[in-house]
Amino acid sequence: MTADQQLLADSAREFLAAESSPTTVRRISEDEHAFSPELFRKIVEQGWTGLLVPEQYGGLGLEMLDAAVLLTELGRSLTPAPILSSAVLATSLLCSAGSAAQRKQWLPKLASGEVIATVAWLEEGDRLDPGGILLKPRRARGGLRLSGSKLFVMDAEIAHLFVVAVRTGTGAGEAGVSLLLVPRDTPGITVTALPSIDVTRRVYEVKFDDVTVPPTALLGGEGKGWKHLARLLDVACVAIAAESQGGAERALHMAVEYAKVREQFGRVIGSFQAVKHIAAECFSEIEPSRSLVWYAAWAQHGSPRDASRAASMAKARLSDVYSRTTDRSVQIHGGIGFTWEHDIHFWFKRARCNEAAFGDPAFHRERVAQLSGW
Amino acid sequence: MDLTHSEEDEAFRRALKAWLRKHMPKRSTYVDGGDDFSYDDPRRVAAARAWQRTLYKAGYVAIGWPKEFGGQGASIVRQTILNEELILNRAPSLIGAMGLQMVGPTLIRHGTPEQQKEHLPKILTADEIWCQGYSEPGSGSDLASLKTRAVIDGDVFVVNGQKVWTSAAHLADWMFCLVRTDVDAPKHKGISYVLIDMKTPGIEVRPLKQMTGESGFNEVFFNDVRVPRTNLVGKLNEGWQVANSTLHFERNMLASTTRTQQLMNDLVALAQRRTRNGAKATRDPVIRQRMADVLIRTEAMKYHALKQLSDEIHGRPPGIGASINKLVTTELNHDICAVALEVLGNYGQLRRNAPHVEDKGAWPKDHMFTLGLIIGGGTSQIQKNIISERGLGLPKGA
């Protein structure tokens with residue numbers, strides 16, 4: 001980490017400790033859309049919505065390593081805000097695939113927080129390969145007409161803009177995949193909540209019923225969407241791995257602090273080896289995994305040839321580590337950890353959702369095997 | 001984690017590679033995977049001493065030691081390059097490793113000028129091979145409970161007792177040894193660190209056969225062994241602190257991430273040439289999953305080692321890194337060997353000289369040897385105690 005990144009980490013942690021305490025997270029998660037305009041405004045003031053937006057469009061023009069530093073802190077605090085969905089994923093797609101006009105139209109508004117965007121990729125098949133994209137627009141007067149649905153769309157209810165993966169060509173391969181920019185207020189769109197175990201991050205079904213978009217809605221050119229989605233997968237892996245790193249650190253910290261005060265058999269439970277060893281095992285997994293996340297984040301710009309493999313490694317490992325750490329952190333808390341009243345379950349649930357999002361560990365281990373040439 | 005090597009460092013690496021190509025001994029003169037201490041054939045001992053001497057003369061041994069003690073005061077980056085190249089080029093391991101990595105640094109830090117002058121030059125050239133007299137039959141994980149007694153009699157300590165699991169004692173010229181010099185003090189405060197010439201009358205070394213079938217470690221018995229008082233390192237009864245100052249060297253020695261990378265490379269090569277269920281082993285989805293898992297953990301330790309290196313360069317405290325490295329790396333090495341055995345199926349039981357054997361039987365042997373390293377140098381359980389107490393601030397148990 002550079003001094004600037006250390007500064008970003010420190011200031012983010014300080015800000016989130018004050019503005020996004022577990023009590024605040026719990027309160028916001030009780031909102032229908034788990035969204036606090038007030039907190040979001042403060043986050044915009046921090047500049048985080050413009051982190052990846054180039055300076056010419058009013059952003060900070062930083063790189064994935066900086067985003068990973070920030071997401072580690074957001075994962076630690078479990079802050080409900082559309083940073084991953086909008087400021088990282090949708091913004092990355094607009095930066096990489098957008099035409100000059102599209103970038104000019106949307107990036108300044110994304111940076112200023114005026115627009116929240118999200119990516120609508122998955123369908124019923126829950127597949128990350130090109131064959132999973134079946135939503136096929138018809139050619140119609142005025143452009144393309146869309147009917148069908150997308151699943152697991154993060155923050156869709158609060159988003160103003162969807163980046164929708166569709167199939168404009170024939171077959172099931174990469175060649176026919178396109179991206180469309182679809183404003184939320186286009187007639188024919190309905191957004192339905194998919195109640196999830198993770199109340200701090202909402203996912204939705206987005207239904208399109210004869211939704212018509214002009215040809216200018218194509219992002220990155222017709223039939224040229226896959227390479228941007230493939231790249232987005234790497235960005236998402238690094239982002240979620242970074243979040244998971246912070247979350248795992250926080251969950252273990254909570255468990256260790258609890259073990260220092262909870263007494264049984266006349267002594268604190270943290271003095272028992274059965275408890276200490278669980279904590280030490282978690283710590284011994286979490287510490288080296290941080291280097292894996294940083295390397296993967298750095299590789300996105302610093303070593304493009306290794307970027308996908310590094311991203312999959314980080315995603316696979318952090319998914320395992322975060323889930324295992326939160327399992328064990330609940331275990332160390334005992335009965336209180338099983339209650340809604342205690343906060344630890346929020347991290348447990350985020351770990352499960354992160355594990356599945358953008359490819360589970362087995363998916364990414366297989367991808368590592370392929371990219372290693374085995 | 002900025003570790004871009006300077007042009008000078010890269011030149012050092014190139015020169016080292018070229019030197020190794022020219023001077024590496026033939027493989028037949030040492031045993032593959034020879035990171036154990038068995039050296040069952042005296043010719044191997046002679047060859048191993050000669051190799052260390054050659055390497056030292058070329059300027060590739062203990063380069064991190066200060067110049068006045070025969071080192072070069074080399075940077076940590078350069079020490080890492082040296083370690084990486086030696087392992088990745090499969091150079092024979094150094095027979096004097098215990099001297100170079102444990103007693104040498106201890107003498108540099110705590111030794112008298114006479115001790116430094118007598119031993120350090122010979123440690124560098126492998127004219128002295130050292131063994132470590134720590135564990136005893138009743139003192140394994142609870143090392144500080146050790147009972148080998150040293151009683152002062154004029155100018156000498158008279159040593160009585162027994163050490164066990166003493167690697168290389170059967171070859172060693174000297175032992176650095178923990179002895180009890182005060183039976184009334186609390187257990188950590190009555191221990192002294194002494195240097196014992198293994199030719200002293202009253203020492204008996206009995207090799208122990210390990211589960212690998214080799215005899216790399218020993219029992220050592222002391223019967224009225226007279227050790228000059230000038231062989232005390234540090235102050236009387238302060239041996240525990242002296243020993244602790246180099247324990248992290250041992251943990252890092254056992255936790256070489258480069259060794260893990262080499263094992264991982266060997267596993268990939270094995271899986272690419274073996275078949276399993278009638279197809280290439282690398283086509284088996286379960287094997288692919290398990291290989292990717294150990295690869296990811298290996299890569300994590302590689303970058304983690306770089307981060308620790310960077311921390312050291314920037315003067316940040318190393319913390320409990322050595323314990324985490326020891327715990328994680330020894331278990332990872334064992335897991336890599338287990339995946340290899342899964343690839344090998346029935347061939348995984350075959351020993352060195354068996355017909356149809358793969359990799360000269362290294363995999364079943366290393367699978368056992370790596371289990372030994374999970375136990376030695378402070379067991380995984382002891383490391384977890386250290387990590388939870390010093391790293392996480394949990395209280396000591398009863």
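Begin by selecting helix H8 (residues 273-302) of chain A together with helix H11 (residues 380-391) of chain B; in this predicted model, the two pack at an angle of about 80°, with their axes 8 Å apart. H8(A) is therefore roughly perpendicular to H11(B). Next, display the side chains at this crossing. On the H8(A) side, select Gln273(A), Lys276(A), His277(A), Ala280(A), Glu281(A), Phe283(A) and Ser284(A). They meet Gln381(B), Lys384(B), Asn385(B), Ile387(B), Ser388(B), Glu389(B) and Gly391(B) of H11(B). Coloured by class, the contact of H8(A) with H11(B) shows seven polar, four charged and three nonpolar residues.

Now widen the selection to the whole interface of the two chains. Chain A and chain B each contribute 38 residues to the contact. The area buried between them is about 3,300 Å², and carbon and sulfur atoms give 66% of it. On chain B, pick out Arg288(B), Ile296(B) and Leu392(B): these supply 19% of the area that chain B buries against chain A, more than any other three residues.

Remain on chain B and select helix H9 (residues 321-344) and helix H10 (residues 362-375). Their packing angle is about 160°, and their axes lie 9 Å apart. Because the angle is over 145 degrees, H9(B) and H10(B) count as roughly antiparallel to each other. The crossing of H9(B) and H10(B) is left-handed. From H9(B), the residues to display include Lys326(B), Thr330(B), His334(B), Cys337(B), Leu341(B) and Leu344(B). Among those in contact from H10(B) are Trp363(B), Pro364(B), His367(B), Leu371(B) and Ile374(B). The residues of this contact between H9(B) and H10(B) comprise twelve nonpolar, five polar and three charged.

Finally, turn to chain A and select its open sheet of four strands, which run in the order E1-E4-E5-E8 with mixed pairing. At the edges are strand E1 (117-120) and strand E8 (218-219) of chain A, each pairing on one side only. Adding helix H5 (residues 83-97) of chain A shows what packs on the sheet: H5 touches E1, E4, E5 and E8 of chain A. The direction of this helix makes about 75° with that of E1(A). Then isolate strand E4 (residues 161-167) and strand E5 (residues 177-183) of chain A, which pair in the antiparallel sense over seven bridges. As a last selection, take Phe162(A), which stands opposite Val182(A) in E5(A).

Terms used. Residues are numbered from 1 along each chain as its sequence is written. Chains are lettered from A and ligands numbered from 1 in the order in which they are written. This is a predicted model: local features need pLDDT of at least 70, side-chain atom pairs count only at pLDDT 80 or more; totals for chains, interfaces and linings use all residues. Side-chain values use heavy atoms; hydrogens and water are left out. Axes are lines fitted to C-alpha atoms, for helices over the stretch in contact, and angles run from 0 to 180 degrees between N-to-C directions. Angles under 35 degrees count as roughly parallel, over 145 as roughly antiparallel, 65 to 115 as roughly perpendicular and the rest as oblique. A crossing is left-handed if the near helix is turned anticlockwise from the far one by less than a right angle, and right-handed if clockwise. Contact means heavy atoms within 4.5 Å. Ala, Val, Leu, Ile, Met, Phe, Trp, Tyr, Cys and Pro count as nonpolar, Asp, Glu, Lys and Arg as charged, and the others, Gly among them, as polar. Two strands pair if DSSP finds at least two bridges between them. Buried area is the accessible area (1.4 Å probe) that two parts lose on being put together, summed over both.
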